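I opened the file to go through the chain and keep short notes. The entries follow the order in which I looked things up.

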Amino acid sequence: MQENHNYYVKGNFITREHIRQTFLKNDVTRYIAYFLQTLLVSFLIFINKLLSRATKDYKYTVSLCGIFKNEGKYLDEWIQYHLVVGIDHFYLYNNNSDDNYLEILQPYIEKGIVDLIEWPFEHSQMDAYEDCYKKHKDDTNWITFIDVDEFICPIATDNIKSWLSSYINYPGVAVYWKQFGSTGKLYHDNTKLVIEQYTQCWPKHSVFTKMFCNMNFPIVEFSNPHILSSKIAGVKVPPINQYKKIVSFAVNSCKLFGDSSIQINHYWGKAYDSFVESKINRSDVYHENDCEMAQSRKSLLKSHEAMCTVRDYTIQRFLL
């Protein structure tokens, strides 16, 4: 299909961008640089592990930071689900919503589960993330930065805390998206859960990720919601993925054998009416050119739906 020309499968990941090849910047030099950086990161992690003192005592083990706009009808399921899989606390930034978000969040605020921050600044997702990091880096061991259409789905375990326990010496873990489509639905059913309604997805993971950041290591900068680099002993290092391979130079390495231990179910568009509501008509919390992004998403929809050739029910084991 011609509309799919920007998508191709490579390894265990699906990407929609080709790496431009030049004489000095090509696959050979890229993989050499990747190999050398892998050695450096491994060395730094080893030295830090030898020299590090006891970690801090944190109020929370894992917290979630998210920014939302008019997502009221999805918030309750999203919070309930992530409580089930091990999130301790939520820092939620409201970006000019005019729906019933406060009615939904109030019980969680009263229980101390949610901190609600009013964030009226346009296109300021990364500023919200940085604000959360600066204010709460001493309160929680791990912070994950995800959106309301993203559900963290541990596979090898039933709990995010136990999954993260093997990454305690790493500054950041990037978890790959599993892209879910409309499952042929024109209208979203508000009487059913998101994770119940949408099961059709891409056959393999996307190269796009979202982060778990270890607060024992300082984050360098907030510029890309998909990748956040940290410092070890003052040296900037990229995150690793769930396979403990660094994510750098557009290289996404995985194990030759063995399945993924975790994924982020990205319910990108949901039913067609939800897609129009959230991706076309609503202003964006990250991109500044709303109209341009709306047109880009509209043209992407057909290709995205065409890639949804399998079904994944993994997350539904948490329904009960």
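These notes go from the whole chain to single residues and pairs.

**Entry 1. The chain as a whole**

I noted at the start that this is a predicted model. I counted the secondary structure and found 8 helices and 18 strands in the protein chain. Next I looked at burial: of the 320 residues, 52% count as buried. I then took the contacts with a separation of 6 or more, and 77% of them are between residues 24 or more positions apart. For the surface I have about 15,700 Å² accessible in the protein chain, with 54% of this belonging to carbon and sulfur atoms.

**Entry 2. Helix α2**

Which residues of helix α2 are buried? I went through residues 72-84 and listed Gly72, Tyr74, Leu75, Glu77, Trp78, Ile79, Tyr81 and His82. After α2 comes glycine 86, and I wrote down its positive phi, near 120°.

**Entry 3. Phenylalanine 318 and its surroundings**

I moved to phenylalanine 318, which sits in the segment after β18 (310-311). Buried or exposed? Phenylalanine 318 has a relative accessible area of 12%, so I entered it as buried. I listed what phenylalanine 318 touches, leaving aside residues up to four places away in sequence: Tyr81, Val84, Val85, Pro154 and Asp158. Tyr81 was already in my notes as one of the buried residues of α2. I also checked isoleucine 195, whose C-alpha atom is 9.4 Å from that of phenylalanine 318, with the two positions 123 residues apart along the chain.

**Entry 4. Arginine 317 and aspartate 158**

Asp158 came up as a contact of phenylalanine 318, and I looked at its charge partner next. Arginine 317 forms a salt bridge with aspartate 158, and the closest N and O atoms are 3.2 Å apart. Arginine 317 is in the segment after β18 and aspartate 158 is in the loop between β7 and α5 (160-164), so this pair ties together parts 159 residues apart in sequence. For arginine 317 I noted a relative accessible area of 36%, which means partly exposed.

**Entry 5. Other salt bridges**

How many salt bridges does the structure hold? I have 10. Side chains of opposite charge can pair when their charged atoms come close.

I looked up lysine 210 and aspartate 147, a salt bridge with its closest N and O atoms 3.2 Å apart. The pair links distant parts of the chain: lysine 210 is in strand β11, and aspartate 147 is in the loop between β6 (140-145) and β7 (150-154), 63 residues apart. I marked both lysine 210 and aspartate 147 as buried. Asp147, Glu150 and Lys210 are joined into one network by salt bridges that share partners.

I then turned to lysine 134 and glutamate 130, whose side chains meet in a salt bridge at 3.3 Å, N to O. Both residues lie in helix α4, 4 residues apart, about one turn of the helix. Lysine 134 counts as exposed because its relative accessibility is 54%. Glutamate 130 has 27%, so it goes down as partly exposed.

**Entry 6. Histidine 226**

Where is histidine 226? I found histidine 226 in the loop between β11 (209-214) and β12 (230-232). With a relative accessible area of 18%, histidine 226 falls under the 20% limit and is therefore buried. Beyond residues up to four places away in sequence, histidine 226 touches Trp177, Phe208, Thr209, Lys210 and Met211. Lys210 is the salt-bridge partner of aspartate 147 from the previous entry.

**Entry 7. Positive phi outside glycine**

I checked two residues here. Histidine 123 has a positive phi, near 50°, and lies in the loop between β5 (114-118) and α4 (125-136). Histidine 123 is partly exposed, with a relative accessible area of 21%. Alanine 250 has a positive phi of about 60°. I placed alanine 250 in the loop between β15 and β16 (251-252), and at 51% relative accessibility alanine 250 counts as exposed.

**Entry 8. A charged patch**

Which residues form the positive surface patch? I wrote down Lys49, Lys244, Lys245 and Lys255. Lysine 245 is in the loop between β14 (240-241) and β15 (247-248). Lysine 245 is partly exposed, with a relative accessible area of 34%.

Note on methods. Residues numbered from 1 in each chain as written. Predicted model: local features only at pLDDT ≥ 70, side-chain atom pairs only at ≥ 80, totals over all residues. Heavy atoms only, no water. Buried < 20%, exposed > 50% of the residue type's maximum accessible area, 1.4 Å probe, protein only. Helix = DSSP H or I, 4+ residues; strand = E, 2+ residues; numbered from the N terminus. Patch = residues over 30% accessible without salt bridge, like charges linked within 9 Å, V, L, I, M, F, W, Y side chains within 5 Å. Areas by Shrake-Rupley, 256 points an atom, 1.4 Å probe, with all protein chains shown as cover. Salt bridge = Lys/Arg side-chain N within 4 Å of Asp/Glu carboxyl O. Lys, Arg positive; Asp, Glu negative; His and termini not counted. Charge placed at Lys NZ, Arg CZ, Asp CG, Glu CD. Contact = heavy atoms within 4.5 Å.
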